[in-house]
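Hello,

I am passing a structure on to you, since you have not worked with it before. Please have a look, and then read my notes underneath.

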Amino acid sequence: MEIQVISRETIKPSLPTPPHLQTFKASIIDKVLPYTYIQFISFYVPNQNFTKQTSIQHLKQSLSQTLTIFYPFAGRVKDNLSVDCNDDGVLLTTAHVSCKMHDLLANPQPKLELFCQFSTPVPPFCPGLADRPAQIGIQVNQFDCGGIALCFSFSHFIIDAATIGMFLKCWSQIASKNECMSSSICPAVSMYPQGSEDSMPDGLSAVIEFSLLKEGRGSTKRFVFDGSAISALKEKAKSEAVPNPSRVEAVSCFMWKHLMATSEAVWGFKQPSILFHAADLRRRMAPALSSELSVGNITWKSIARYDINTNNDVEVEKQLVVLVREAIKKIKYEFVPKLQSNGGYATIREAIEELHKICSDKSLNPYTISSWCKTGLDEVDFGWGKPVWVSFMPGIDVPFKNVVILMDGETNEKIEAWIISDHREMPVLERDHEFLALASPNPPVSI
């Protein structure tokens, strides 16, 4: 497979951003997160409504209109406090792929290592302000057969997975219907008290980064849970304390169990473990956030801890689901009320200090799981139909491990788990018969 870049250009908002909106303030949560890029690929099968020249031009025009609504995305990060909404624009690249989409995706095991070629030049990790380019990079890849792979790179500074879903929904509505569900955005900074900027110590984003991401040489693999596997996991995870585990809870705890077992098999000893699980705060606020166009990182990590001395008479899956459910409840009933009423900075400082204290304990084995399920990425229709598959952007050799991204599969009943694990532990997981009985390793995509 060869990819030839056809063009690269900057797409700017169709209307200039008004002077009173020139500075977009970051929220307290935005300010303390590490600066990274979220990357994924949406695959669209050939469609008679897509013609190379007119459809790409229409994409550009509708993107320009969308950026007028999501004006901060066309700006540049000025410092760790704000975005300069200067209308510098986003990057858009077009490219030709010298193969058929079917040959790539319907392969008995899709070659995930090739997917990095679909990416825009935006780097996935940007440690310094000088390295921070456009907030969004998009590459439109057209296959020989006429199929399209849209590769997206979103800055995580003021954008979380839910914000991405809203942006793409609005863009696709403008592209296909010339309308959007709203004409204005709701900044995260307006949703809870922010406190004094002077009260936040330096280096907090580094604390978060080193707390949540376990350093090491990570290997990325894809596993798929079908509907019957998820039903079996939910049934196995049921308990009196949690009689109705969700799909994400059941899959997350099943993986947590087997990742811990894999670590024990490789290193020869058991470790107590913690699971950081991303929790969307929008629906946990009181009242629940109603704005469809809420922009910012409106998430926080719940913390569940599993002790190796936990009661062995109870199945591990049941124990883990209870721990995860209790951690999520703590976010809703303790963290969010304090965030909204007692001042954001004090609450975040306490939460970061808790994270730092936990992760300073080197006896703990940390894992992070983020669910992108039900964010609407698989519903984005620019006028050529919905994507047949949305893929995480796999890293070939990433500098961290113990991270799992959950995504909707190519059919609604499936969940895909993209696991970044230690390069010595991953081969053991791939030989775990109990794990493989329910998780299919990198199956072909039905198109």
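Below is what I found in it, starting with a helix.

This is a predicted model, in which local features need pLDDT of at least 70 and side-chain atom pairs count only at pLDDT 80 or more, while totals for chains, interfaces and linings use all residues. Residues are numbered from 1 along each chain as its sequence is written, and side-chain values use heavy atoms, leaving out hydrogens and water.

Helix α4 covers residues 161–177 (helices are DSSP runs of H or I with at least four residues, strands runs of E with at least two, numbered from the N terminus). Its 17 residues should span 24 Å at 1.5 Å a residue, and the end C-alpha atoms are indeed 24 Å apart (the expected span is 1.5 Å times one less than the number of residues). Of these 17 residues, 13 are buried (under 20% relative accessible area with a 1.4 Å probe, protein chains only; exposed is over 50%, partly exposed in between).

Next, the backbone. Most residues other than glycine have a negative phi. Just after α4, however, Asn 178 has a positive phi of about 60°. Asn 178 sits in the loop between α4 and β9 (186–187) and is exposed, at 59% relative accessibility.

Asp 87 also has a positive phi of about 60°, and is not a glycine. Asp 87 belongs to the loop between β5 (82–84) and β6 (90–97). Is Asp 87 buried or exposed? Its relative accessible area is 14%, so Asp 87 counts as buried.

Enjoy exploring!
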